[in-house]
Amino acid sequence: MLTKEEWKGLEDKVDQLRNDTLDTTYWAGSGHIGGGMSVLDILTIIYYKYLNFHRDDPTWEDRDRVVVSKGHAGIAYAPLLCDLGWNDKELLKTFNLTNSPMGMHLDAAKVVGVDASTGSLGHGLPIASGMAMGGRVLGKDYYVYCITGDGELNEGSNWEAFMTIHKYNLNHVITFVDRNHNMIDGPTEEVMPIEPLSEKLRAFGMRVLEVDGQSFPELSEAIETAKASSEPVVIVCDTVKGAGIDFMENNYLWHYGAIDEGMYEKAKASLKRYHEARLAKVEGK
Amino acid sequence: MAGGLVYTAVDSTELSTAEYYGKALVELGEQHPEVVALTADLGKSTKIGDFMKRFPDRFINVGIAEQNLFGMAAGMAKVGCVPFVSTFAQFASLRAGDQLSTDICYGKANAKVIATHAGTSFGQAGSTHHAISDLGVTRALPNLTIICPADSFETVNAIRTAYETEGPFYIRINRGFDHLLYPSSDYGFELGKAVELHKGTDITVIACGSCSYQALTAAQFLEGNEGVSVRVINMHTIKPLDRDAIVKAISETRRIITVEDHNVIGGLGSAVAEVIAETGKGCAFRRLGIQDHFSTIGLHEDLMSIEGIDSNGIITAVREVMGADFEEDDNWEDEV
């Protein structure tokens, strides 16, 4: 469980990262800001609370792994990997520019801290399963945190992976579904319905936890349950696409978008209000 | 030269090419605890059952799910295992093509893909199980080393070399038995260095896989019966290609025929054509292979005959190319 102090610390951290993500989108001219904002709380609590890693040795072989299968979240993931000190924060100003080491889908060979180059959807979960299986063969007990999108679950390879995770009981893979309900062409249930998602996952042998993906206490409880579980766990995180930026929230058109100066200022103001409202929750208000 | 047991022709009477792969894999498994084997319900077909029996905890069968197979292999490689991934070449290159490209090649995973049932070698299974475009697909994937061994011994060498060389490999072997080209596995295999199987000065036949034996047989016949001196090159490594052997053949024999159990588009013939074109030197050239159609059903040896990639087909092609008096053709630019 999170202490109040930890919770407040995570709120401040994710607020900073939301602003960094907005700034990066502004510098780049456009980006996958909707799904970036929805997944940031998940990434933040993994890295700043639970992940077993060494800041001074990002390739430490016994570290927990993170596979961001929804690779287009790179615009939110890159600021975090800079914040950890692994990449120069100034690079965010070059995001998506020609010859920048950082672009839309982060390259593990160029961005320190990325465990798998993703972007083509439906790849992350098989890779994460392999990392967990490899850990078992090599006698290591690290965890692999894998974050998928919800539209991404249309890809059959995820379900191939769920079958394998079940068969080999790979309980060191902890899967998060960023269930923000929207994909490029529209709401998930219109483009290709995935509900009843939790029932499907359970039918594939997964232990499913459903949480508010924008709530650190709920995410915290779920992750602790997953780490203690003898069965593989999928955490279905109910999130808001574009969380924190009022004019983007729950609008699939902001899956990928461009922002001008006027929008940028409005977004900044919205993020400030959003953060204050979330801090009020920490204080029980 | 890769180390390990030396296999000789005595073993070959009982073991198919893929069974040699299975033996070589067990040998690697005994020496290296990080070697793992993965398959998609083709453990028996790809002959890695011995590895499964010896190392059940290092054998992963994901069921009929090739995309997951390749993603998992990449993940295992990323944490320090050396995965040997076996499935049919058609599925390795196409069904799981995106995973092969993105997870294994782009990710520079130290994973070794052993693609079996190459070309038309699964004859009676028909075109759904014939791999006639895998070389075209895989040749265009950066970071990937591609070997098309010509017999069992070369397969063993390819497997060992793949283990010893960091990075992604695609090794393409046949179903069933292959004619032996070498007396044993100890003939000095070197990655990226073609083997001259037969000396010759009139024309060069560049082959790979099961076609290398056919080319050698054709050369021996032509030399003995028609006085044609045919150089035969076994181009076991498709990428990186031995350019020097090709350039030497252009200048020394001026005529080249390629032969492969693959579509003539994208495979060995295309690779050799690229080198010839880039040298700017004149050279009579013919590509033997599947002539851009889906192959029919039948025994592998029959299909090789139908496609003109057996020794008879090669002999016919050599006669035609030798008979084409290209140097006296008015339209022929002899030297560029």
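The questions and answers below concern a predicted model and treat its chain contact, its domains, its nonpolar core and one residue of chain A.

Q: Which element of chain A gives the most residues to the side that touches chain B?
A: The contact between the chains joins 24 residues of chain A to 27 residues of chain B. On chain A, the helices α4 (124-137) and α5 (156-167) each supply at least two residues of that side. The element that gives the most, with 10 residues, is α4(A).

Q: How many residues of the side of chain A that touches chain B are nonpolar?
A: That side of chain A can be divided by residue class. Charged residues number 3 and polar residues number 9. The nonpolar residues number 12.

Q: How many residues does domain 2 of chain B bring to its contact with domain 1?
A: Chain B is divided into domain 1 (9-172) and domain 2 (195-325), and their C-alpha centres lie 26 Å apart. Domain 1 of chain B brings 23 residues to the contact. For domain 2 of chain B the number is 26.

Q: Which elements give two or more residues to the side of domain 1 of chain B that touches domain 2?
A: By class, this side of domain 1 of chain B holds 9 nonpolar, 11 polar and 3 charged residues. The elements of chain B that give two or more residues to this side are α7 (134-139) and β5 (145-147).

Q: Why does the largest nonpolar core lie between the two domains of chain B?
A: This core has 185 residues, and those with the most contacts inside it are B:A73, B:I171 and B:V205. Its largest share, 9 residues, comes from helix α2 (residues 33-50) of chain A. The core lies between the domains of chain B because residues are given to it by both domain 1 (9-172) and domain 2 (195-325).

Q: Which residue of chain A is in contact with B:A73?
A: B:A73 is one of the residues with the most contacts inside the largest nonpolar core. Leaving aside neighbours within four places in sequence, its contacts in chain B include B:L38, B:P83 and B:I104. In chain A, its contact is A:G130.

Q: Is A:C237 buried or exposed?
A: A:C237 is found in strand β8 (residues 233-238) of chain A. Not counting residues up to four places away in sequence, A:C237 touches several residues, among them A:I42, A:F176 and A:V211. A residue needs 20 or more C-beta neighbours within 10 Å to count as buried. Since A:C237 has 26 inside 10 Å, this residue is buried.

Definitions and conventions:
Residues numbered from 1 in each chain as written. Chains lettered and ligands numbered in written order. Predicted model: local features only at pLDDT ≥ 70, side-chain atom pairs only at ≥ 80, totals over all residues. Contact = placed C-beta atoms within 7 Å. Helix = DSSP H or I, 4+ residues; strand = E, 2+ residues; numbered from the N terminus. Nonpolar A, V, L, I, M, F, W, Y, C, P; charged D, E, K, R; others polar. Domains from an automatic or database assignment. Core = buried A, V, L, I, M, F, W, Y, C linked by C-beta atoms within 7 Å. Buried ≥ 20, exposed ≤ 12 C-beta atoms within 10 Å, placed from the backbone.
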